[in-house]
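Q: I have a model open and do not know how to read it. Where should a newcomer begin?

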Amino acid sequence: MYASYRRTASRINARLHTIAGRMHLPLHLTMYVARHSWASVAYRKGVAMSVISEGMGHSSEATTRIYLASLDTATIDRANSLIIRSL
């Protein structure tokens, strides 16, 4: 089962890499990046934590909260920029 997952993940990552190259994206696009992006956007759009948790396949919402807490650095960066500009 795990070997099948790894083969599928490898194929998806290869295709995402191709897409990123064709779009000239300055990042290494992977399944992890796609999951990370989906969770971040869902959170910012007000999607219920239980839905995000289910979508991520987490066993608990606590795991999702920890995951999202580590993702939201862009919001903090924007807040810091606003504060610095006001000084």
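A: The turns below go through a helix, a loop residue, a buried serine and a nonpolar core. The model is predicted.

Q: How far apart should the ends of helix α1 be, and how far apart are they?

A: A helix has an expected span of 1.5 Å a residue. Helix α1 runs over residues 2-22, which is 21 residues, so the expected span is 30 Å. The C-alpha atoms at its ends lie 30 Å apart, in agreement with that value.

Q: Which residues of α1 are buried?

A: A residue is called buried when its relative accessible area is under 20%. In α1 these residues are A9, L16 and A20. They are on the same side of α1, because the arc they cover around the axis is only 40°.

Q: What covers them, and which exposed residues are on the face turned away?

A: The cover over the buried residues of α1 includes α2, residues 31-44. On the face turned away from the buried side are the exposed residues R7, R15 and R22.

Q: What follows α1?

A: H24 follows α1, and its phi is positive, near 55°. Further on, the loop between α1 and α2 contains H28.

Q: Is H28 buried or exposed?

A: The cut-off for exposed is over 50%. H28 has 55% relative accessibility, so it counts as exposed. Leaving out residues up to four places away in sequence, H28 touches H17 and V33. The C-alpha atoms of H28 and L16 are 8.6 Å apart, while the two residues are 12 residues apart along the chain.

Q: Is S53 buried or exposed?

A: S53 belongs to helix α3, residues 49-56. Its relative accessibility is 5%, so S53 counts as buried.

Q: What does the side chain of S53 reach, and which residues is S53 in contact with?

A: The side chain of S53 reaches the backbone oxygen of S60, at 3.3 Å. When neighbours within four places in sequence are set aside, the contacts of S53 are H58, S60, E61 and T64.

Q: Which residues make up the largest nonpolar core?

A: A nonpolar core is a set of buried residues of certain kinds, Ala and Leu among them, joined through side-chain atoms within 4.5 Å. The largest one here has 7 residues: A39, A42, M49, I52, M56, Y67 and L68. At least two residues of this core come from each of α2, α3 and α4, the last being residues 61-71.

Q: Which helix gives the most to this core?

A: That is α3, with 3 residues.

Note on methods: Residues numbered from 1 in each chain as written. Predicted model: local features only at pLDDT ≥ 70, side-chain atom pairs only at ≥ 80, totals over all residues. Heavy atoms only, no water. Helix = DSSP H or I, 4+ residues; strand = E, 2+ residues; numbered from the N terminus. Expected span 1.5 Å × (residues − 1). Buried < 20%, exposed > 50% of the residue type's maximum accessible area, 1.4 Å probe, protein only. Arc of directions from axis to C-beta. Contact = heavy atoms within 4.5 Å. Polar contact = N/O pair within 3.5 Å; in protein donor to acceptor, adjacent residues only side chain to side chain.
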